[in-house]
Amino acid sequence: MWDRHSGVSFFWGVALCGSAPNVMAPTGFLILLTAMSVGIADADARFVRPSPKDGWEIWEVRDAQAVATVHVRRSGDRALPLVVFAGGSHCLPVFFRSADGDGNWRERSTLPFAVEEAQRLADFHFAVVERKGLQSFSEVAEIPRSSGCTQERGGVHKEERAYHIALASRTLHAEPWVSSVLLTGHSEGAEVASGALRFVPDDHVAAVGFLASGGISQFFDLVLRARRNGDAAGRSESSKSC
């Protein structure tokens, strides 16, 4: 049943869209089959430091295969649902500074909604995973018109991105301030969120939500590119991206 302490959290994104920059546009290892079947072994999450952004915290999640930075905004210390969010295709940090048309630098974010406002309407914690090789609170001279990601900067394979989201979901689920995990993604992140379910035990995710789920994404582009380069079946990329 959906109530204030569970599924309602998914609906604030639709009502509060508009705070993200206008950059919405249409990961390099394979995960071992053993990891898929037995889950994430020896994984943990640790608080790193308070974030430069007021009310946020920086966490690190890791296991033997991967490490990722997670930006967390908690609603106190009570055990509440945790929304774990996967962003879209844009290759930008979660939080960054960029210049406007007049050359004035201002704070921006790739989050497509205002988490602070949403937490005034519903009781939940929020976590967003930083894309591989990107660092928040840096300066971005020019916002790319397209994804602009590479394997080293941002990551391009769905398998890797999904594993990072699952790693955050699995490790943060064990924190005393988390009562349940709600997994959600925006645009290309909706594909990532759905893929993350492969690496998370069924009892670790209470619900999944897709916001503005994308159409054909760069994951399919990678398969097409592999085929054009002589890989008739696109196997080199399809195993990582589908």
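**Exercise 1. A charge over a ring**

Find the tryptophan ring that has the charged end of arginine 74 over it, and then describe the other partner of this arginine.

*Solution.* Begin at the guanidinium end of the side chain. In this predicted model, the charged end of arginine 74 sits over the ring of tryptophan 177, 4.8 Å from its centre. Next, look for an acidic partner. Arginine 74 also meets the side chain of aspartate 77 in a salt bridge, with 3.4 Å from N to O. Finally, check the exposure of the two residues in the bridge. Arginine 74 has a relative accessibility of 23% and counts as partly exposed, because the buried class ends under 20%. Aspartate 77 reaches 64% and therefore counts as exposed, as the exposed class covers values over 50%.

**Exercise 2. Two more salt bridges**

Locate the salt-bridge partners of arginine 120 and arginine 198, and say where in the chain each pair lies.

*Solution.* Some background helps here: side chains of opposite charge can pair when their charged atoms come close. The structure holds 11 salt bridges.

Step 1: take arginine 120. Its partner is glutamate 117, and the closest N and O atoms are 2.4 Å apart. Both residues belong to helix α3 (residues 115–121), where they are three residues apart, about one turn of the helix. Arginine 120 is exposed at 57% relative accessibility, while glutamate 117 is partly exposed at 38%.

Step 2: take arginine 198. Its side chain meets that of glutamate 159 in a salt bridge of 2.8 Å, N to O. Arginine 198 is in the loop between α5 (188–196) and β10 (207–211), and glutamate 159 is in helix α4 (residues 158–172), so this pair ties together parts that are 39 residues apart in sequence. Arginine 198 is partly exposed at 41% relative accessibility, whereas glutamate 159 is buried at 4%.

Step 3: look for shared partners. Arg46, Glu60 and Arg62 are joined into one network by salt bridges that share partners.

**Exercise 3. Classifying aromatic pairs**

Decide whether the pair of phenylalanine 47 and tryptophan 59 and the pair of phenylalanine 95 and phenylalanine 137 are stacked or edge-to-face.

*Solution.* A search of the whole structure finds nine aromatic pairs, and two of them are worked through here.

Step 1: the rings of phenylalanine 47 and tryptophan 59 have centres 6.0 Å apart and planes at 75°. Planes over 60 degrees apart count as edge-to-face, so this pair is edge-to-face. The pair links distant parts of the chain, with phenylalanine 47 in strand β1 (residues 44–50) and tryptophan 59 in strand β2 (residues 56–62), 12 residues apart. Their cover is unlike: phenylalanine 47 is partly exposed, with a relative accessible area of 39%, and tryptophan 59 is buried, with 5%.

Step 2: phenylalanine 95 and phenylalanine 137 are 5.6 Å apart centre to centre, with 15° between the planes, and form a stacked pair. Phenylalanine 95 lies in strand β5 (residues 95–99) and phenylalanine 137 in the loop between β7 (125–129) and β8 (138–140), so the pair ties together parts that are 42 residues apart in sequence. Phenylalanine 95 is buried at 4% relative accessible area; phenylalanine 137 is partly exposed at 29%.

Step 3: widen the view. One aromatic cluster is formed by Trp56, Phe85, Phe95, Phe113, Phe126 and Phe137.

**Exercise 4. The surroundings of serine 51**

Work out where serine 51 lies and which residues beyond its neighbours within four places in sequence are in contact with it.

*Solution.* Step 1: place the residue. Serine 51 lies in the loop between β1 and β2. It is buried, with a relative accessible area of 11%.

Step 2: list its contacts. Leaving aside neighbours within four places in sequence, serine 51 touches Trp56, Glu57, Ile58 and Phe137. Serine 51 and phenylalanine 137 are 86 residues apart in sequence, yet their C-alpha atoms are 9.4 Å apart in space.

Step 3: check the side chain for a polar partner. A polar atom of the serine 51 side chain lies 3.0 Å from the backbone nitrogen of lysine 53.

**Exercise 5. The chain overall**

State how many helices and strands the protein chain has, and what share of its residues count as buried.

*Solution.* The protein chain has seven helices and 10 strands. Of its 242 residues, 54% count as buried. Its accessible surface comes to about 11,600 Å², and 52% of that belongs to carbon and sulfur atoms.

Methods: Residues numbered from 1 in each chain as written. Predicted model: local features only at pLDDT ≥ 70, side-chain atom pairs only at ≥ 80, totals over all residues. Heavy atoms only, no water. Helix = DSSP H or I, 4+ residues; strand = E, 2+ residues; numbered from the N terminus. Buried < 20%, exposed > 50% of the residue type's maximum accessible area, 1.4 Å probe, protein only. Areas by Shrake-Rupley, 256 points an atom, 1.4 Å probe, with all protein chains shown as cover. Phe/Tyr/Trp six-rings, centres within 6.5 Å; stacked < 30°, edge-to-face > 60°. Lys NZ or Arg CZ within 6 Å of the ring centre and 35° of its normal. Salt bridge = Lys/Arg side-chain N within 4 Å of Asp/Glu carboxyl O. Contact = heavy atoms within 4.5 Å. Polar contact = N/O pair within 3.5 Å; in protein donor to acceptor, adjacent residues only side chain to side chain.
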